[in-house]
Amino acid sequence: MPTDHEKRLAELVARFDEWSEPPPRMTHELFPYEQLFSPLQVNSIRLKNRIGMAPLGNISMVDASGRPSEKMIAYLTERARGGAGLITSGLVPVSQGVDPTVLEAKHLSYFPRIDTRATWAGWRTLAESIHAFGAHFFIQLSPGMGRVGSPEVLPKRHRLPVSASWNPNFYVPGIPSRPLSGHALRRIVSQAGQAAADARALLIDGVYLHGHEGYLLEQLANPAFNRRSLGEFRDWQRFPIALVEEIRRRTAPDYPIMYRIDLSLALHATYGERMRTVKGLKKFGSERSVDMTLELIGNLVRAGVDLFDVDLGCYDNWWLPHPPGSMPAGCFLDVAQIVRDWLSEQRILSNRGLPVPVAAVGKLGYPDVAERALREGKCDLVLLGRPLLADPEWPNKTMTGRVSEIVPCIGAQEACLKELTVGGHLQCAVNPRTGFEDVLAREPAPAAVAKRVAVVGAGPAGLNCALTSVRRGHEVVLFERRDRIGGMLVPGSRPHIKFDVANYLAHLEALVKDAPRLTLRLGVAFTPEVLEREGFDAVVVCPGARPIVPQIDGAGLLHVHQAIDVLLDPARLSAADHVVIVGGGPVGCECAHYLAYEHGKQVTVIEMLPHLMRDACQANRGHLLHALERRGVKLFNCTRVESIAPGEVVVVRNVSRTVPDPHVTWAPVLPENIPNPLAKSIREQLVRERLRADAVVLAVGLLPQPEIFDACQRRFSAKQLFSIGDAFQIGRIFEAVKAGYRVACAL
Ligand SMILES: Cc1cc2nc3c(=O)[nH]c(=O)nc-3n(C[C@H](O)[C@H](O)[C@H](O)COP(=O)(O)O)c2cc1C
Ligand code: SF4
């Protein structure tokens, strides 16, 4: 019988796919934010406010020894300057020599390290720099990756990944992770204690344990992964408790210890029956229940933890710990509240005799949502991850009621989470300075000579270019042939699940409205003659792209529409019941979600490649595919459209058993440059099928529009001429914003 807590968890997880309440906007109804800006005592330290920075991996923000670089110091200091009371680092492994995935060959490291003196000066400088702005600093110590570490240790270094028990590696399940010995685990405990003692000596105000999301700490602390039958660590509570006891022993009774835990992996709540039938999941069937987590939390407090933050999920349902744009705001507030209420009911106090505060995390970048959560007693502290990547000044702007000035995070995770998985460091799609605070000044330098600048196209590239140019003192005319600014942001913000993008667009619109020296010419087609007539010093051409019309018989029929047009005007499909979407990239899948959830259509998505949305951030991809499946949207991969006729689409499908199951969201699609020696090749078994299609929606990609740039170039008349955004090369909001900003800084 599921307990009340399990029932509540199942309802919560189901709601993430079905939610339909009006999404929050950047309002300031609860200003002044008295709760957000009240102090919080955590053991011996007093946080000045209740806004903490959530840990965001500082991968590749360190030098090769693992020492925090100028980049990492400038990046985190910027968030302290922006007003957060608590800054935390991203994960810092303490299992060197035990978990082979935390180090590269030749002891190189892309993770920060604290286990070698070579890195210490970096940590001291970082802590001092954060303190200078009145913020405290916790380091997130991680026992390691375990089964979610890079499988490349096998081909490159002939080592197996490790775990609590024999568990498949997450990325390449054919590679096993071997169980660590009790001796090896005790070594991690001892190294964590040393790291904490070092952290304290290096002026770091507290340590924060990385106990969520199915990393090695959780692999030991969750029966889903810990199926040991021998030794002290067969008790799933033993390793986390030993870790906390050792850290307490090696630091001091008054040194703050924070612990990040998921209330549940929520695998059963996510996958239901599949937990019994799918090979990649059934091994993890005995996940820790909510009541077991609560029991562990109580024991961790007794061992010395002062502060918790709580989320849900793991790599195998990655959209939970990394909630994408499609998840509701404040998605884990109820989770925090369950823990907070339980601690209070049980009258559990910290070893300093204080109530144990509980932090909430997850899409809390809306000041009214965050303040309300504190006022309603759902949590004691609010952690902001991506909202502080998008706008480090979030706390200061919120404190002074300048909420409309906050740059909203758009939730696509392309420049943050995905960037880490493909080898980069943290950046942000809507903040071109994020991750470059060491080299880009806070304010772009005033222009030596004020110029007249024409920006052609008011999509994300053009808007950021125009807004940055006027900040530098240039005079800008912004040409937009449509009657509204935003370019692809306009259709891209229509679906309910894209409310973050709608907020970003509203923010840009407000900036354009108030910008000095910026003239907006809507509904004006720019021609090179305009350029010559008005004598611009610089021209930035970014008119965007046009949708591709595929060479398919019937693509020109009246019931065939472009996805962009459907998003802008869904009434086009009012008479259609069955809709076939051609193209299973993000646009096709978001359009499918929009039509299925918001317009009640029966939708089929056709994709030629083996994977739908293969290049999207895996967390976002997982959630969208999962939600599509739940709504009965049919997903056909390895399928080619042969022809379109009134009422039907003819497709050729590869029905071989070797075709990947398009519904798999519990395993990732590997980046193309990472070889998978165990990957099975796909054989062909083609069948022709006729699908009912009252309407067909095309989402097969975009083509750059270089014509305006080429025409301007042929005139040889603008001293500076640039082609950026989709007009140059089809990209994401990330590339468009960055190009707009960088070009504007160069004018
Ligand atoms: C790029 C990126 C890196 C992250 N790295 C870490 C990490 O190192 N440790 C950790 O516990 N959580 C990490 N997280 C999870 C965040 O701390 C946070 O829980 C999540 O982003 C949800 O909060 P938000 O909506 O405020 O961003 C990371 C998230 C992102 C987007
Ligand atoms: S990259 Fe996207 S998801 Fe990540 S912080 Fe920036 S806006 Fe948010």
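**Strands, cores and a ligand shell in a predicted model**

G211 stands opposite I261 in strand β10, and this pair is a convenient place to enter the structure, which is a predicted model. G211 belongs to strand β9 (residues 206-211), and β9 runs parallel to β10, joined to it by five bridges. Strand β10 itself spans residues 257-264 and is mostly covered, with eight of its eight residues buried. β10 also pairs with strand β11 (residues 307-312), again in the parallel sense, through six bridges. Within that pairing, R260 has D309 of β11 as its bridge partner.

The end of β11 leads on to the nonpolar interior. L312, the last residue of β11 (residues 307-312), is one of three residues, together with I114 and W123, that touch the most other members of the largest nonpolar core, a set of 191 residues. Helix α5 (residues 182-201) is the main contributor to this core, giving eight residues. Beyond its neighbours within four places in sequence, L312 is in contact with L9, L12, V13, F16, D262, L263, S264, L320, P321, F332 and V335. A further core of 29 residues lies apart from the largest one, and its members include I581, C591, L612 and L628. In soluble globular proteins, nonpolar side chains tend to be buried together.

Attention now turns to another sheet. Five parallel strands make up an open sheet in the order β16-β15-β14-β17-β28. The edge positions are taken by β16 (518-522) and β28 (720-723), and each has a single partner strand, so one side of each is left without a neighbour in the sheet. From one strand to the next, the twist averages 15°. Between β14 (residues 452-456) and β15 (residues 475-480), the parallel pairing rests on five bridges; here V456 has F479 of β15 as its bridge partner.

Two helices pack on this sheet. Helix α17 (residues 460-471) touches β14, β15, β16 and β17 (538-541), and its direction makes about 165° with that of β15. Helix α24 (residues 707-715) touches β14, β17 and β28, with its direction at about 160° to that of β28.

Finally, the surroundings of ligand 2 can be listed residue by residue. They consist of R386, L389, C409, I410, G411, A412, Q413, A415, C416, C428, A429 and V430. By character, this shell divides into nine nonpolar residues, two polar and one charged.

Methods: Residues are numbered from 1 along each chain as its sequence is written. Chains are lettered from A and ligands numbered from 1 in the order in which they are written. This is a predicted model: local features need pLDDT of at least 70, side-chain atom pairs count only at pLDDT 80 or more; totals for chains, interfaces and linings use all residues. Side-chain values use heavy atoms; hydrogens and water are left out. Two strands pair if DSSP finds at least two bridges between them. Helices (H or I, at least four residues) and strands (E, at least two) are DSSP runs, numbered from the N terminus. Axes are lines fitted to C-alpha atoms, for helices over the stretch in contact, and angles run from 0 to 180 degrees between N-to-C directions. Contact means heavy atoms within 4.5 Å. A nonpolar core is a set of buried Ala, Val, Leu, Ile, Met, Phe, Trp, Tyr and Cys residues joined through side-chain atoms within 4.5 Å. Buried means under 20% relative accessible area, exposed over 50%, partly exposed in between (1.4 Å probe, protein chains only). A residue is near a molecule or strand if one of its heavy atoms lies within 4 Å of it. Ala, Val, Leu, Ile, Met, Phe, Trp, Tyr, Cys and Pro count as nonpolar, Asp, Glu, Lys and Arg as charged, and the others, Gly among them, as polar.
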